[in-house]
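Biologist: Please take a close look at the charged side chains and explain how they pair up. A first-year student should be able to follow you.

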Amino acid sequence: MTTPVLSVRDLVVQFPTRRGTLTAVDRISFDIAPGEVVGVVGESGAGKSMTGAAVIGLLEPPGRIAGGEIWLKGERIDNLAPEAMRQIRGKRIGMVFQDPLTSLNPLYTVGEQLMETIQTHTRLTSAQARARAIDLLTEVGIPAPDKRIDAYPHQFSGGMRQRVVLALALCAEPELVIADEPTTALDVSVQAQIITLLKNLCKEHGTAVMLITHDMGVIAETADRVAVMYAGRIAEIGPVQDVIKRARHPYTEGLMGSIPSLDATADRLVQIPGSMPRLTAIPQGCAFNPRCPKVFARCLTERPEPMPVGATEVACWLYADGAEKAA
Amino acid sequence: MLLFIIDFRVNRSPFMIAYVVKSLAQAVLVMLAVALVAFSMFRFIGDPVSNLVGQEATLQDREELARDLGLMDPFPVQFARFVSNAAQLQFGVSYRQGRPVADLLAERLPATVELALLSALFALVVGIALGVYTAIYRNGLLSHMILSVSLIGVSLPTFLIGIGLIWLFAVELRWLPSFGRGDVVKIGWWSTGLLTTSGLKSLVMPVLTLGFYQLTLIMRLVRSEMLETMRTDYVKFARARGVPERTIWFRHALKNTMVPVMTIAGLQLGGVIAFAIVTESVFQWPGLGALFVQAVQFVDIPVMAAYLMFVAFVFVVTNLVVDLLYFALDPRLRGAGPASAH
């Protein structure tokens with residue numbers, strides 16, 4: 001097996017606060033293979049974005065990586081000096097944020113921002129960088145890129161701006177792109193275009209993607225594998241079809257049941273009772289135990305580690321002996 | 001410093017021309033309103049005829065003089081005459097000194113302008129630099145010290161700072177002169193203290209005194225705006241693109257900080273020129289402020305009126321310049337408009 005582009009091992013992200021240390025990400029591990037699209041889903045506050053920020057080294061203080069390791073192509077990056085990490089950002093790991101309207105500096109043309117990024121990571125001259133910027137804009141589907149390159153962000157629509165943001169994230173041909181809810185702020189009609197574009201671009205360039213979202217539709221359509229996060233932990237991770245069609249973790253089951261379907265008629269959508277625990281009050285044992293319909297004694301005391309069930313890994317005691325008791 | 005951040009490739013769109021015309025019209029309107037106030041001073045503060053004629057003038061003398069001065073004309077005619085004279089810089093003759101007010105102003109103007117511009121420059125350059133520094137190293141020891149000292153600048157009255165400086169540098173250390181402009185050099189009608197050692201030495205304390213308050217104000221404004229900008233998404237995204245921190249500070253954050261800072265700095269510059277009165281009194285600086293204080297003491301209305309017009313003019317011009325600088329700074333105002341719909 002080839003070296004994964006990204007390998008996260010037992011990552012812990014903590015926030016020291018006055019009321020004690022909060023653990024936003026609690027010992028999670030996953031790999032992303034070259035060219036693979038891995039979706040990360042979960043409710044707000046499940047630690048998805050924190051994981052992304054930790055990987056690219058942009059956790060906002062006082063948040064910090066309190067444990068674990070992050071490897072990029074066999075090279076450990078979580079303990080790099082700030083300057084070394086800066087050179088990796090944009091060059092080897094690109095990132096796309098949620099809101100294209102505010103991701104671009106309003107006072108500079110898109111060309112200036114593209115050329116700035118290109119020249120940060122390559123030795124191209126201004127003329128070469130400009131030519132490259134025009135190529136990139138063409139590639140992300142901006143019409144008349146040789147003219148639009150001198151336009152300011154406010155002269156683009158939301159969807160067009162997100163295309164520019166994609167061009168910016170991809171301009172140094174990174175090995176991995178972290179897309180943190182890249183379509184949440186866009187119109188529904190534009191969302192599909194941007195996702196398709198992201199998928200195609202990454203396929204062409206062989207770029208791996210960590211796609212953070214809470215939109216299961218996007219995941220089903222785009223991702224190869226999916227990790228379901230709950231309260232800072234990975235509940236279930238596996239091939240996207242397995243997780244969606246045959247969810248094994250009771251939380252994933254509930255999550256999938258809550259998605260309306262066009263084919264099946266249902267009077268009521270499934271709802272998981274209760275809500276995700278706050279970081280200050282994560283229960284002992286399995287974090288999902290207060291809401292789990294299949295809870296039993298062991299869940300209340302011992303935290304389950306991900307255990308292999310078929311092609312997926314599930315952090316649930318129901319699968320402790322490898323058998324599919326719950327199915 | 002500003003020149004390097006501001007992008008002067010302003011396109012001359014019709015939108016911009018309309019904006020300039022509107023700003024100019026507003027400026028003219030403000031000047032007319034101030035002229036009305038200045039003009040009414042003549043009519044309502046004392047009687048100009050009594051101020052001019054001697055004790056033994058007859059009623060006929062007074063009437064003749066009033067007619068000669070145009071005081072019998074209807075109000076709009078008199079006001080129009082005042083405005084047209086003012087536009088030609090004719091403000092009449094000082095009651096006290098018997099010389100044309102325009103000459104008096106021209107004599108005093110260089111002292112005030114040199115003092116005010118140097119103070120503004122000092123406040124702007126040091127204020128922006130310290131503001132950026134304290135924003136970047138916001139938890140540093142030096143930053144905390146700078147912020148504490150700046151509280152003094154905000155809370156101590158100007159004259160106290162001036163007197164304190166005089167005590168330290170003129171009385172105790174004897175490094176700097178305590179009053180006056182020192183030796184000045186005449187260049188045409190302009191007299192400058194910038195070319196002689198004693199002139200420069202004389203400038204130091206008044207410039208520090210006058211600029212200190214503005215400096216602290218600008219510094220605190222730059223700091224808070226800069227901290228605000230450093231939290232924006234585009235700064236986060238610039239970091240994610242691997243842009244070096246230095247470039248983020250000075251290219252991305254500082255330029256976005258400049259828009260609100262310019263508004264305040266522009267108004268402050270007007271204030272510095274207009275209200276140098278206190279500093280000029282403390283250092284016996286032979287400028288416009290000192291002239292105005294004397295004029296008030298002797299109810300020298302032509303001088304007061306002219307000074308009022310001058311102050312208004314300075315404010316109007318700085319506001320106009322700030323309005324135009326917005327265009328240079330912020331492309332969103334240039335009105336090219338979104339080319340594609342949302």
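**Charged side chains, within and between the chains**

Modeller: I will start from a single residue and work outwards. B:Val125 lies in helix H6 of chain B, which covers residues 101–136. With a relative accessibility of 38%, B:Val125 counts as partly exposed, because the class runs from 20% to 50%. B:Gly289 is 164 residues away from B:Val125 along the chain, and the C-alpha atoms of the two are separated by 25 Å. Keep in mind throughout that this is a predicted model.

Chain B has 342 residues, of which 43% count as buried. It contains 14 helices and two strands. Its C-alpha trace spans about 85 × 65 × 35 Å along the principal axes. Among the contacts in chain B with a separation of 6 or more, 72% are between residues 24 or more positions apart.

Now to the place where chain B touches chain A. On the side of chain B, 30 residues are in contact, and they meet 35 residues of chain A. Between them the two chains bury about 2,800 Å², and 55% of that area is on carbon and sulfur atoms. Three residues, B:Phe237, B:Arg241 and B:Arg251, supply 24% of the area that chain B buries against chain A, more than any other three residues.

What do the charges do there? Side chains of opposite charge can pair when their charged atoms come close. Three salt bridges are counted between chain B and chain A. A salt bridge joins the side chains of A:Glu116 and B:Arg241, at 3.2 Å from N to O. B:Arg241 is also one of the three residues just named for buried area. Across this interface, 14 residue pairs are in polar contact, with both residues at pLDDT 80 or more. Two elements give two or more residues to the side of chain B that touches chain A: helix H10 (233–240) and helix H11 (245–274) of chain B. By class, that side has 11 nonpolar, seven polar and 12 charged residues.

Helix H10 also holds a charged pair inside chain B. The side chains of B:Lys236 and B:Asp233 form a salt bridge, with 3.7 Å from N to O. They are three residues apart in helix H10, so about one helical turn separates them. B:Lys236 is partly exposed, at 28% relative accessibility, and B:Asp233 is partly exposed as well, at 30%.

Over all chains the structure holds 25 salt bridges. In chain A, the side chains of A:Arg9 and A:Asp31 form one of them, at 3.0 Å from N to O. This pair links distant parts of the chain: A:Arg9 is in strand E1 (residues 6–17) and A:Asp31 is in strand E2 (residues 20–32), 22 residues apart. A:Arg9 is partly exposed, with 31% relative accessibility. A:Asp31 has 22% and counts as partly exposed too, because buried means under 20%.

The side chains of A:Lys48 and A:Glu181 also meet in a salt bridge, here with 3.9 Å from N to O. Along chain A they are 133 residues apart: A:Lys48 belongs to helix H1 (residues 48–56), while A:Glu181 sits in the loop between strand E7 (176–180) and helix H8 (188–205). Are these two buried or exposed? A:Lys48 is buried, with a relative accessible area of 4%, and A:Glu181 is buried, with 7%.

Salt bridges can also join up into a network, as with A:Asp26, A:Arg233 and A:Arg303.

The last case is a charged residue without a partner. A:Arg161, in helix H7 (residues 158–170) of chain A, is buried yet has no salt bridge. The nearest side chain of opposite charge belongs to A:Asp99, and it is 7.1 Å away. A salt bridge requires a nitrogen and an oxygen within 4 Å, so A:Asp99 does not qualify. What does lie by the side chain of A:Arg161 is a backbone atom: the oxygen of A:Pro153 is 3.2 Å from one of its polar atoms.

Terms used
Residues numbered from 1 in each chain as written. Chains lettered and ligands numbered in written order. Predicted model: local features only at pLDDT ≥ 70, side-chain atom pairs only at ≥ 80, totals over all residues. Heavy atoms only, no water. Contact = heavy atoms within 4.5 Å. Buried area = accessible area lost by both parts, 1.4 Å probe. Polar contact = N/O pair within 3.5 Å; in protein donor to acceptor, adjacent residues only side chain to side chain. Helix = DSSP H or I, 4+ residues; strand = E, 2+ residues; numbered from the N terminus. Nonpolar A, V, L, I, M, F, W, Y, C, P; charged D, E, K, R; others polar. Buried < 20%, exposed > 50% of the residue type's maximum accessible area, 1.4 Å probe, protein only. Lys, Arg positive; Asp, Glu negative; His and termini not counted.
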